[in-house]
Amino acid sequence: MSRLLSPIHRIATRPTTSGGIRWSSYVGDVRCWDNLSKSYFARGLATRSATSGAIHPAGYHDRGFKSHDGHRRHERLLVLGSGVAGCATALTAARHGIPVTVLHAGSLKEDCNSYWAQGGIIYKNYRLLEGANGGMAQEKRLVDTTLSLVEDIRVASGYLGKLQRGEELEEGRYEGELVLNNRRNGVNSYGPGNVLGKKCATTGIHWNEDAAWKLACEGPSRVRELLLGKRDGGMNHEGESSQGVNSTGCVVPFDRVKDQNFGADVLSLCLEASHAAPRIIHHADCTGKAITTHITKAAANHPLIEFVGDSIATDLLFDSQNSSTTNDGGIVIGAQVLDKRSNQLTNHYATHGVVLASGGLAGIYQHSTNPVGFNALGSSVGLALRLENDMLGANKGGIVSDLEYIQFHPTSLYVPNEARFLLTEALRGEGAILRDADGRAFARDYHSNGELAPRDIVARAVFSETQKTSGDRHNAFLDITHRDSDWLKSRFPSIHAHLTFRENPMDFTKECIPVIPAAHYTCGGVTTDLDGRVVGSKEGRWYRNLFAAGEAARTGLHGGNRLASTSLLEGLVFGSSVGEMVAGAGMSDYEAEEVQGAVHEARSAIELQLAKESALTLKGLRGGTQDAELSREANAILIHLKSLMWDNVGVVRDPAKLSMAVSELTAIREQADLLWEENFERNKAGEEVVALRDAAYAGLALAKSALANRVSGGAHYVSTQEDVNEVFSDGESSSDEEEEDVMVAAARC
């Protein structure tokens with residue numbers, strides 16, 4: 001008798017003259033375990049359709065996917081979140097034969113934070129060549145390299161030390177001997193041996209250079225693999241994204257231009273703040289919408305991927321009684337999920353684990369660029385914190401980290417008593433100028449790069465200007481009226497439409513637009529390694545079968561502040577890594593055996609749970625009617641929480657206010673827990689209570705992290721530290737020879 005295991009992803013690598021690597025890969029065999037010989041043997045993975053060329057995993061219909069047989073349905077990966085990170089994870093895992101269920105809170109799978117990204121996604125400018133026009137020194141053009149992107153990420157992060165690696169790496173898989181910090185020699189049950197980079201002695205920011213190299217080296221190939229068509233060197237055929245045939249991803253209709261040097265219609269590449277080269281591909285000013293629409297469609301058309309909407313995870317499920325490893329707290333086996341339509345709680349089990357990809361927590365602020373709704377209320381952080389408390393006990397710390405680094409976008413539309421609307425970074429990349437009420441350009445008062453300085457610098461500059469006036473006189477505006485009107489409307493159609501179709505219309509081609517910072521992005525999050533495995537406890541142990549990707553995860557990539565247009569690429573790169581990790585792709589036999597050991601252990605635990613559930617009528621698994629009064633109470637508390645966060649844990653922070661916020665948020669979290677515990681078994685606690693509970697856990701952890709960190713750095717600015725850190729500093733530090741290694745799990749909450 002044999003047991004079907006995971007597909008092998010064959011990796012072929014060869015060194016290059018520059019010290020980098022080139023790589024190619026293909027899906028090969030399925031690894032099977034023979035109980036008689038106690039060894040692995042290979043079996044063909046896929047068959048190719050003679051008509052469409054589509055690759056179908058051998059025997060995937062036999063694995064019970066989408067079956068109503070509950071004892072087979074749990075042979076899957078459970079992804080929480082349908083954004084770019086969740087879809088990249090799902091497509092990659094499914095390509096390797098792993099069935100995937102994607103849960104999303106909205107009724108539409110496109111309802112996610114990725115959808116609202118405006119600016120673009122980092123690619124690579126292959127047309128910007130050094131020594132162009134005859135190669136004269138004064139005519140040399142900037143080369144867009146992996147090294148230059150890593151350096152841009154470092155500068156934006158607020159980490160002031162020098163790079164550990166100063167030489168260029170070619171595109172390719174970033175792993176093995178390339179990893180700088182405590183290379184791991186395989187998976188082991190005692191936890192990760194690598195560290196999450198270095199700590200800056202000046203700013204206190206933890207930044208993981210390895211994460212930046214991974215993004216720079218693997219990013220272009222992931223874009224080609226998941227988003228581009230054949231004419232741009234991608235792996236997907238035009239039109240096939242709608243048919244789901246022979247595609248690893250989709251073909252996104254990015255903007256194109258006629259390049260005179262190349263004599264061809266090519267991808268349009270734009271410049272954004274703090275980038276050394278124009279390397280951003282985009283679809284007008286709604287790139288997130290274009291990518292999300294196409295990648296969710298491609299995932300939904302894959303035979304091994306299903307989407308389940310109106311589904312909110314309330315808690316992660318784990319097993320500790322049957323764990324094969326001592327003192328690890330157990331293994332994650334699924335999630336408890338609320339169906340918004342029926343108000344029913346059910347247990348969703350998954351032998352291949354759970355992926356947290358539900359976005360960040362900037363939505364817990366009163367003024368945020370994130371859309372109203374369940375997204376961005378700290379769901380992944382809340383789930384992780386409750387899991388840690390249940391597994392290891394309260395106050396262990398480490399499963400989340402760097403939460404104090406909340407990025408405030410410098411330019412959201414300011415209209416009193418209205419929700420904030422994002423005015424993309426690309427406006428400043430295309431020449432928009434920040435002016436005060438008198439028309440004076442003020443950005444260069446705060447940084448030599450002016451409007452193109454890192455976001456945290458620009459956000460504090462705008463905030464500082466708004467504090468100089470009182471009453472109804474606003475003092476920060478964005479001016480791009482010097483650009484051609486028709487071009488602006490075609491380049492930024494979403495912004496033009498939003499400003500035009502208002503009760504009091506605005507015309508950004510003719511007038512300055514009032515702006516103010518708003519909570520935008522979570523630089524910290526659920527702590528992971530480079531493969532997306534969640535790390536918890538201060539000893540640095542993995543939470544087995546639990547992964548995180550995208551804004552939900554803290555890889556150390558962003559440090560204290562995110563570089564523009566990295567978020568969508570981060571979702572692609574690290575989401576794909578999680579998919580490969582789950583499938584055991586590209587691993588040594590030892591590593592793959594460890595991964596499959598976790599799957600086998602999860603399977604045994606799930607089967608025991610299913611046996612118990614079949615013998616019991618679980619009170620928590622019945623449908624119910626949501627209590628309207630309870631929902632109103634939870635919503636009122638959430639509104640107060642958002643106001644509390646904005647007033648006390650905002651752009652500029654004061655220790656006294658932070659201390660007060662921690663005290664009040666502690667009471668709110670206790671109240672949220674009480675509302676849940678008293679009502680969930682009676683199925684009275686609906687979406688509003690779940691949202692409040694997540695926001696309370698995330699908000700308290702953020703405030704504690706901010707209070708514990710008295711050193712200003714990146715997006716975290718403490719007002720009493722002006723004598724220690726300049727608020728607006730573009731200098732480099734020479735004191736970082738004292739950088740200290742920081743364990744993955746180190747956290748301050």
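How many helices and strands does the protein have? In this predicted model, the count comes to 15 helices and 29 strands. Buried residues account for 60% of the 749 residues in the protein. The accessible surface adds up to about 28600 Å², and carbon and sulfur atoms own 48% of that. The chain also brings together residues that are far apart in sequence: take the contacts between residues at least 6 apart, and 73% of them join residues at least 24 apart.

A pair of helices makes a good starting point. Helix α6 covers residues 379–392 and helix α15 covers residues 687–708. Their axes sit 8 Å apart, and the two helices pack at an angle of about 80 degrees. Angles of 65 to 115 degrees count as roughly perpendicular, and α6 and α15 are therefore roughly perpendicular to each other. On the α6 side, the contact is made by Ser379, Val381, Gly382, Leu383, Leu385, Arg386 and Asn389. On the α15 side, Arg693, Asp694, Tyr697, Ala698 and Ala701 do the job. Sorted by character, the residues of this contact split into six nonpolar, three polar and three charged.

Helix α6 has dealings with strands too. It lies across β19 and β25, running at about 45 degrees to β25. Those two strands belong to an open sheet of three, in the order β19-β25-β28, with mixed pairing. The edges are taken by β19 (400–401) and β28 (553–554); each has a single partner strand, so one side of each is left without a neighbour in the sheet. Strand β25 (residues 525–527) pairs with β28 in the parallel sense, over two bridges. Within that pair, Thr527 stands opposite Arg554 in β28.

Another open sheet has five strands, with antiparallel pairing and the order β21-β20-β24-β23-β22. Here β21 (421–422) and β22 (433–435) are the edge strands, and each has a single partner, so one side of each lacks a neighbour in the sheet. Strand β20 (residues 406–413) and β21 run antiparallel and are joined by two bridges. Following one residue across, Ser412 has Leu422 as its bridge partner in β21. The loop between β20 and β21 holds Asn417, which has a positive phi, near 65 degrees, despite being a residue other than glycine. Most residues other than glycine have a negative phi. As for its surroundings, Asn417 is exposed, with a relative accessible area of 85%.

A positive phi also turns up at Ala284, where the value is about 50 degrees although the residue is not a glycine. Ala284 sits in the loop between β13 (280–281) and α5 (287–300). Is Ala284 buried or exposed? Its relative accessibility is 9%, and residues under 20% count as buried, so Ala284 is buried.

Strand β26 (residues 533–536) is covered on both faces. Arg533 and Val535 on one side, and Val534 and Gly536 on the other, are all buried. Strand β26 pairs with strand β27 (residues 541–548) in the antiparallel sense, over three bridges. One of the residues involved is Val535, whose bridge partner in β27 is Trp542.

Two single residues show how distant parts of the chain come together. Leu638 has its place in helix α13 (residues 628–648) and is buried, with a relative accessible area of 8%. Leaving aside residues up to four places away in sequence, Leu638 touches Leu377, Leu692 and Ala695. For Leu638 and Leu692, the separation is 54 residues in sequence but 5.6 Å in space, C-alpha to C-alpha.

The other residue, Lys340, lies in the loop between β16 (331–339) and β17 (344–349). It is partly exposed, with a relative accessible area of 27%. Which residues does Lys340 touch, not counting residues up to four places away in sequence? They are Ala105, Gly106, Asp310, Ile312 and Glu687. Lys340 and Asp310 are 30 residues apart in sequence, with 5.3 Å between them in space, C-alpha to C-alpha.

Key:
Residues numbered from 1 in each chain as written. Predicted model: local features only at pLDDT ≥ 70, side-chain atom pairs only at ≥ 80, totals over all residues. Heavy atoms only, no water. Helix = DSSP H or I, 4+ residues; strand = E, 2+ residues; numbered from the N terminus. Buried < 20%, exposed > 50% of the residue type's maximum accessible area, 1.4 Å probe, protein only. Contact = heavy atoms within 4.5 Å. Areas by Shrake-Rupley, 256 points an atom, 1.4 Å probe, with all protein chains shown as cover. Axes fitted to C-alpha atoms, helices over the stretch in contact; angles between N-to-C directions. Parallel < 35°, antiparallel > 145°, perpendicular 65-115°, else oblique. Nonpolar A, V, L, I, M, F, W, Y, C, P; charged D, E, K, R; others polar. Pairing = 2+ DSSP bridges.
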